[in-house]
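Visitor: Can you walk me through this structure? I'd like short answers.
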Amino acid sequence: MAIATALRHGEDDERRLEALGLSTELIHNGLRRGAERAANRSSQALKTAAGTDVYQDGMEDFNQLLVSGGWQRVEVDGQPRLLHPADALSFTISSGINVGSTYLRRGLRTRRKGKATRGSLMPRLPDPSLFEVENALDPAVLAARAAAAPFYFLLCERAPRGGGVHIELAQPANMTDGGSVNEWGDRIRVGFLPLEGDLSVFDQPDDEGPGEFDVSVEPR
């Protein structure tokens, strides 16, 4: 039986988030509306509703929070991402397994991902012309910049004993043949997000199902 130990968010994590124009408070504000709505769905809601709440509301709210700082919402191979104004990273929201914890037998991983995530594992050199001012807001240019920027998942998982959600900003480094990200480069832990309600939306089976946060937006 795997024994889990939570790894605490620390000052160094917060400094690293701030260097990227993020913070625990901002990330909580971006996730809270969708996560609370998902946690309080009735049993009459469609099975897809809760996962859609977390993903759709989260991406919308992050865009609203970050746009004034120069971030851009872009799509890379059909996968919506938010791009840092200086291309320091792009990210999207996803559920994860073993987020914010260290396990004796199991490590951090995602459920099945597709073409856009696999493409992010191959380094791409940015074209200098992408940074010409007159092309700055061209969708194709933004997508190319996002594809060249370091790509991260903002990973979320219900705490084992309930009460909230563990969060990490983590950079995929390798995928299994089945599409699960199982190796990581950079990992930045985000402060715990306390929530009330039914958090079973965060407990999906290993195969990507209708509740997976980014299902149907990343074509295979």
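Guide: What follows covers the overall make-up, the sheet, the helices on it, the cores and a few unusual residues.

Visitor: Before we start, what kind of model is it, and how are residues numbered?
Guide: This is a predicted model, where local features need pLDDT of at least 70, side-chain atom pairs count only at pLDDT 80 or more, and totals for chains, interfaces and linings use all residues. Residues are numbered from 1 along each chain as its sequence is written, and side-chain values use heavy atoms, with hydrogens and water left out.

Visitor: Fine. How many helices and strands?
Guide: The protein has 5 helices and 8 strands. Both are DSSP runs numbered from the N terminus: helices are H or I with at least four residues, strands are E with at least two. From the N terminus on, the order is β-α-α-α-β-β-β-β-α-α-β-β-β.

Visitor: How much of it is buried?
Guide: Of the 220 residues, 49% are buried. Buried means under 20% relative accessible area, exposed means over 50%, and partly exposed is in between, with a 1.4 Å probe and protein chains only.

Visitor: And the surface area?
Guide: About 10,900 Å² is exposed, and carbon and sulfur atoms supply 50% of it. Accessible areas come from the Shrake-Rupley method with a 1.4 Å probe; for residues, only the protein chains shown count as cover.

Visitor: On to the sheet. What is the strand order?
Guide: 6 strands form an open sheet, ordered β2-β3-β4-β6-β7-β8, with mixed pairing. Two strands pair if DSSP finds at least two bridges between them.

Visitor: Which strands are at the edges?
Guide: β2 (72–76) and β8 (181–194) are the edge strands, and each pairs on one side only. From one strand to the next, the twist averages 35°.

Visitor: How do β2 and β3 pair?
Guide: They run antiparallel, joined by 5 bridges. Gln72 has Leu83 of β3 as its bridge partner. The two strands make a hairpin with 2 residues between them, and Asp77 in the turn has a positive phi of about 50°.

Visitor: What about the β8 end?
Guide: β7 (residues 164–175) and β8 are antiparallel, with 9 bridges. Gly164 faces Pro194 in β8. Here the hairpin has 5 residues between the strands, and Gly179 in the turn has a positive phi of about 100°.

Visitor: What sits on the other side of β7? Say, β6?
Guide: β6 joins β7 through 6 bridges, antiparallel. Cys156 pairs with Ile167 in β7. This hairpin also has 5 residues between the strands, with Gly162 in the turn at a positive phi of about 80°.

Visitor: Is β7 mostly covered or mostly open?
Guide: Mostly covered: 9 of its 12 residues are buried.

Visitor: Switching to helices. Where does α1 lie?
Guide: α1 (residues 11–19) lies across β7 and β8, at about 100° to β8. Axes are lines fitted to C-alpha atoms, for helices over the stretch in contact, and angles run from 0 to 180 degrees between N-to-C directions.

Visitor: Which α1 residues are buried?
Guide: Asp13, Glu14 and Leu17. They cover an arc of only 95° around the axis, so they sit on the same side of α1. That arc is of the directions from the helix axis to the C-beta atoms. Glu11, Glu18 and Ala19 are exposed on the other side.

Visitor: What covers the buried ones?
Guide: The cover includes α2 (24–39), β7 and β8. Contact means heavy atoms within 4.5 Å.

Visitor: And α5?
Guide: α5 (residues 139–148) lies across β2, β3 (79–83) and β4 (90–95), at about 80° to β2.

Visitor: Now the core. Which residues have the most contacts inside the largest one?
Guide: Leu31, Phe62, Phe91, Leu154 and Leu169, in a nonpolar core of 26 residues. A nonpolar core is a set of buried Ala, Val, Leu, Ile, Met, Phe, Trp, Tyr and Cys residues joined through side-chain atoms within 4.5 Å. α2, α3 (49–66), β4, β6 (151–158), β7 and β8 each give two or more residues to this core. A second, separate core has 9 residues, including Leu155, Ala170, Val181 and Trp184.

Visitor: Last one. Where are Asp87 and Asn98?
Guide: Asp87 is in the loop between β3 and β4, and its phi is near 60°, a positive value in a residue other than glycine. Asp87 counts as buried because its relative accessibility is 13%. Asn98 is in the loop between β4 and β5 (101–103), with phi near 70°. Asn98 is buried too, at 2% relative accessibility.
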